[in-house]
Every structure is written in structure tokens, then in C-alpha cells.
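Dear colleague,

I am handing over the structure below, and I would be grateful if you could look through it before reading my notes.

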Amino acid sequence: MSKELYQLTLLEASDLLKNEEITSVELTEAFLRRIENINPKIDAYLEVFTDTALKEAKESDERRRNGATLSEIDGCPIAVKDNLAMEGEKTASASKILENFLPPYNATVISKLKNAGVIILGKTNMDEFAMGSSTENSAFQVTKNPWDSERVPGGSSGGSAAAVAADLCLAALGSDTGGSIRQPASLCGVNGLKPTYGTVSRFGLFAMASSLDQIGPITKTAEDAKLLFGIINGYDEKDSTSLEKELTANNKNINDLRIGIPKEYFAEGLNPEVKKIIDESVESLKKLGAEIVDISLPNAKYALSCYYIIMPVEVSSNMARYDGIKYGFSAKDAENLIDTYFKSRSEALGEEVKRRIMLGTYTSSAGYIGKFYNKAQKVRSLIKQDFDNAFKEVDFILGPVSPTTAFKIGEKSDDPLAMYLSDIYTISVNLAGIPAMSVPAGLVNGLPVGLQVIGPQMSDLDILQLANTFESNRNELPRAQIQ
Amino acid sequence: MRYDKILIERTKDINKEEDLSLKKEDVEHIAQLSRIEFTDEKKEKFTEEISAILDYVDELETAPTENVETISQISGLKNIARIDEVAESLPNEKVLLNAPEKHDGFIKVRKVFENV
């Protein structure tokens with residue numbers, strides 16, 4: 001076999017396990033060794049569960065010998081973002097306020113992975129409470145991009161994307177509120193799916209902005225994303241926004257597809273070299289038979305502003321639970337109840353979290369709620385209508401994921417607005433609740449660029465199919481070279 | 001040239017008419033509501049940064065929202081409630097597992113009222 005075990009895709013590993021050419025213990029050991037060697041160079045993991053992972057791998061091999069495997073990916077080792085509750089394992093959302101927090105229950109996605117026999121290798125780094133686009137806002141460490149260790153991996157699921165890109169796991173889970181799966185996937189050269197809002201349960205996901213948050217897979221291939229998404233999606237009564245409707249696929253032939261190119265996504269602000277790769281990607285799908293049409297999303301220009309009102313308002317409400325009383329960090333020197341709130345929050349929440357709490361408190365406060373929050377909710381309707389109208393004409397929308405390739409560590413950390421602008425092409429998707437995926441499309445000066453595939457609500461399986469078609473027909477891209 | 005800078009500059013032009021700058025007292029008021037304390041230095045930094053963000057988002061004023069409904073739930077679900085049945089819940093010790101201070105199966109808090 002020419003590949004190292006850690007270089008396998010999820011599907012390849014699943015096949016080799018099925019044919020009993022490898023064992024889960026061999027595979028898990030290969031990843032644990034790889035993590036030991038490579039993780040210190042990129043700091044993708046916050047926590048590695050060496051003993052539990054090996055124990056679970058042994059159990060998986062045992063099940064296989066007894067013909068009792070639990071799923072297609074039983075015995076496959078993956079990583080999860082640090083904002084997914086795992087019973088009895090430290091889960092901090094990369095925040096000092098939850099530094100030693102031990103969840104008393106599993107997130108639904110974690111239960112689903114465990115019930116499928118998946119091995120969880122560890123928790124990956126992220127921006128604190130998923131607030132950021134570079135993973136620099138973690139209270140614990142800065143993750144480096146496996147393609148260039150002076151650059152960020154993107155964020156907020158930067159640890160998950162970097163771990164997949166550097167072969168430190170077969171696949172990973174991330175969460176996406178404004179682009180936090182797709183942007184790091186684009187910057188690290190891996191696949192990342194932000195599913196339709198409501199298709200994956202948010203129970204046990206540490207909330208950032210509840211009307212926008214969604215959990216999804218980060219993988220080496222589109223097929224792998226489909227495989228992992230198949231395990232984690234589905235109705236859950238513990239999440240009141242969970243959808244009961246089952247996902248179905250249209251399975252349209254590429255010759256019957258109409259693909260829209262929104263002019264607003266190609267205007268000023270987009271790096272010309274990134275644009276060239278996206279143009280070539282669109283051209284390749286045209287050659288395969290898809291019809292390409294120009295479309296307009298006239299309210300796309302308001303998406304960032306709309307998002308930076310709605311998201312912080314939800315943040316300020318969700319973050320109120322961190323009070324130093326029930327769990328998490330509690331200031332020892334507080335004299336009374338209100339002092340406990342002030343001191344615990346001030347000491348243990350990071351700067352970006354405070355900035356968003358402050359912003360959201362202001363734009364939802366008496367006197368300003370009409371001007372800001374209510375107005376933003378109307379604009380959210382307009383953004384959704386734009387997509388509804390577009391999807392009457394086309395099956396998918398294609399565009400860039402991020403206006404640039406990975407930027408330098410520290411380059412934007414003192415400029416919140418510049419950082420927010422790295423999500424300019426991803427946030428409208430969350431506002432509209434629709435699915436979208438970042439698929440590796442090429443390299444600019446040795447750094448990856450992702451193509452964004454956007455579809456209507458519940459078209460997740462069709463997006464995965466188009467991503468697979470695109471991937472199988474483009475030139476093979478190199479992997480990050482990190483040794 | 002930083003492409004994001006162009007966007008910021010362009011938006012600043014749109015918003016020249018109205019001054020949305022916060023004053024330090026505004027920041028102090030929001031900090032009070034948010035239950036967060038700041039040093040004077042941080043207050044000034046936040047006053048500047050939050051004003052810049054408010055300036056940016058003020059472009060929404062130009063959005064055509066007459067007769068547009070607000071949206072708060074994107075997938076159209078309404079009034080979702082679970083069936084009112086007794087079900088298993090977390091045991092007391094698990095609920096209290098992470099409480100910073102506890103006493104006899106309860107969470108202990110510091111004093112609530114002054115001078116009582």
C-alpha cells in the first residue's frame with residue numbers, strides 16, 4: 001500500500017476496515033503517532049483522548065470480529081470541535097470561563113458518533129465560543145495553517161480544518177454561524193459543509209447565535225462529507241428547531257443543471273487571483289454540461305451589516321448564562337451576588353466575546369432596538385427572498401468562500417471590522433438558513449482556495465453530489481506538506 | 001492593497017451624514033447592562049471600535065424594507081413544544097458537578113442583599 005494510514009480518506013479507511021485489511025487499533029495508533037509528531041507544529045488539538053481512543057478502537061475491532069459493526073464508519077477516528085458537549089471530557093469552547101467544565105451529558109451529534117462506533121481522537125481548537133475568523137481568539141493557543149505556519153487556518157473551526165488538512169484525523173466536526181466551517185475549510189484546502197438549518201441537532205452545541213448556528217462535517221473529500229453528514233443529521237426532539245422532514249436527493253444529471261453566478265460575489269473586494277480560480281471552476285462545470293447563468297442577489301451588500309446586528313444580539317443573550325454561579329469560572333474575591341457576575345465575566349471572557357456582548361446589548365436596548373435589531377430582521381427577510389427568487393431560476397449558486405487566501409497570524413487581530421469582512425461571502429447563507437459547501441478548487445501562491453456551492457433549503461445531498469462531480473473532474477490538488 | 005480596506009472606506013462614505021459615535025458614558029451604561037467591568041483604557045478602545053462597527057452597520061438604513069416582515073425563525077417552524085410527559089432528567093449530582101460552590105445538594109451563592 002502506497003499511502004500511510006493517516007493519509008486515507010474516511011471512505012478508504014471504511015473500506016479497508018470492512019475488508020479486514022487493517023484494524024481500528026492500527027488506524028487509531030497511526031493517528032495518535034501522527035498527532036504526537038505534527039500537532040506541536042500546528043496546535044490543532046486542545047485535548048487528545050489517547051487512552052479512550054485506543055480502548056474504543058479495540059472494542060470496534062471486537063465488534064467487527066463478531067459481525068456486529070454499528071455503521072459504515074465504525075472504528076474510524078475523527079476529531080470534534082471544542083464546543084460540542086462530551087460527557088465527562090473537558091469541553092471549554094476554547095474559553096477561560098469554561099476551562100475545567102465537564103459536560104454532564106453528550107451533544108446529540110456526539111451520541112450519534114458514539115452509536116456509530118466512531119473513535120473520537122480529541123477536541124480541536126477554535127475561536128472562543130466560535131467568535132472569530134482566524135482561531136486567534138482561542139483562550140488557550142493559536143492554531144497554524146498546515147500550508148504555511150505563519151498563517152491562520154481560518155475560523156472559527158480552524159482546529160478542525162487544520163487537523164483534517166494535516167492528516168491528524170480522518171475527518172472532523174465543526175460548527176458554522178457565519179462561515180466558521182466553510183472559511184477555514186477554504187483556507188486549509190479541505191471540504192466543509194454547512195447544512196440546512198435544522199437538519200443537524202444543536203443539542204449540546206455551546207450556543208453562539210442560535211438562529212444561525214449549525215454543526216457540519218469537515219473532510220478530505222466530498223464523498224467523506226456525505227458519509228459523515230449521513231451519521232450526524234436527523235430529527236431530534238431535544239432541539240426545538242430540528243426539522244422532521246427527511247432529506248432527499250434530486251439526483252439531476254449535470255446536463256440538466258442550471259447554475260447561477262451572482263454578480264455581487266465578484267465585485268470589488270475579491271482578490272483577482274482567487275477570482276481566476278473560481279472562474280476556472282465555473283468553466284469546468286460548464287464544460288461538463290451545466291448551464292451557467294448570471295444572476296443578482298441585490299441585497300447581498302447588506303448581509304454583513306445585518307449579521308453584525310442579529311448575531312451579537314443573540315450572543316449577548318446566550319452569554320448571559322456565564323454568571324460564575326452555576327458552572328464555569330467564578331471570581332473568588334467577589335463580595336456579593338452582582339459582584340460575582342461582574343468579576344467572573346470580566347476576568348474570564350475574552351475581548352471579542354465582550355465586544356459582541358456589548359454590541360448586541362446596545363443594538364437591542366431600549367431606544368435602539370427598532371433602528372438596529374428590527375431593521376436587521378427585515379433585511380434578513382430581503383436576503384432570504386433574494387435566494388428564494390434566485391432558486392426559482394437556478395439549481396445552485398456558485399461563488400468564492402473567502403475574498404482572500406489565508407492571511408498572516410496577527411494581520412487582522414487588531415482590526416475587528418477587517419476580520420469580519422473575511423466572512424462577506426458566507427454569512428448570507430446562515431441568514432437564509434440554506435446549505436452551502438466549500439470545496440477545494442485550486443491554489444494561489446501555494447495557498448488553497450475553496451469554491452462555494454450554495455443550494456436551496458434541504459438540497460444538502462444535491463450539493464454534496466455536485467461537489468463530488470466537481471472534485472472528480474478537476475486536476476488533483478496537492479495535500480499540505482507538513483512533516 | 002488590502003481589499004477589505006476598500007470596502008470599509010466605501011461604507012464610511014455612505015454614512016457620512018449621521019454620527020453614530022458612542023460616548024464613553026454610553027459604553028459605561030452598556031457595560032453595566034452586560035455585567036462586565038472595563039478599565040478606562042479599555043472603555044476608550046471599545047468606544048472607538050463599537051462606534052466604527054455601528055457606523056458600518058448603519059448602511060442598513062438604505063435597505064428597502066417598507067412592507068417587509070421581520071424574520072426570526074428561518075425554517076418556518078412555529079410553536080414547537082414537547083409533549084408534557086414526565087421523563088428522565090439529569091440526577092442532582094450531575095447538575096451540581098460544575099457548580100463553583102455547593103452546600104447540601106444546592107448551589108451556594110454569595111449574599112444577595114446588602115445590610116440585611
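**Helix H2 of chain B and its surroundings**

On one side of H2(B), B:Glu25 and B:Gln32 are exposed, where exposed means that 12 or fewer other C-beta atoms, placed from the backbone, lie within 10 Å of the residue's own, while 20 or more make a residue buried and counts in between make it partly exposed. Helices here are DSSP runs (H or I, at least four residues), numbered from the N terminus.

This is a predicted model, in which local features need pLDDT of at least 70 and side-chain atom pairs count only at pLDDT 80 or more, whereas totals for chains, interfaces and linings use all residues. Residues are numbered from 1 along each chain as its sequence is written, and chains are lettered from A and ligands numbered from 1 in the order in which they are written.

On the other side of H2(B) from the exposed pair, B:Val27, B:Ile30, B:Ala31 and B:Ser34 are buried. These four cover an arc of only 105° around the axis (taken from the directions from the helix axis to the C-beta atoms), which puts them on the same side of H2(B). The buried residues of H2(B) pack against H9 and H11 (351–363) of chain A, together with H3 of chain B. Just after H2(B), B:Arg35 takes a positive phi of about 55°.

As for the chains, 47 residues of chain B are in contact with 64 residues of chain A, contact meaning that the C-beta atoms of two residues, placed from the backbone, lie within 7 Å. The largest share of the side of chain B that touches chain A, 7 residues, comes from H3(B).

With best wishes

Note on methods:
Helix = DSSP H or I, 4+ residues; strand = E, 2+ residues; numbered from the N terminus.
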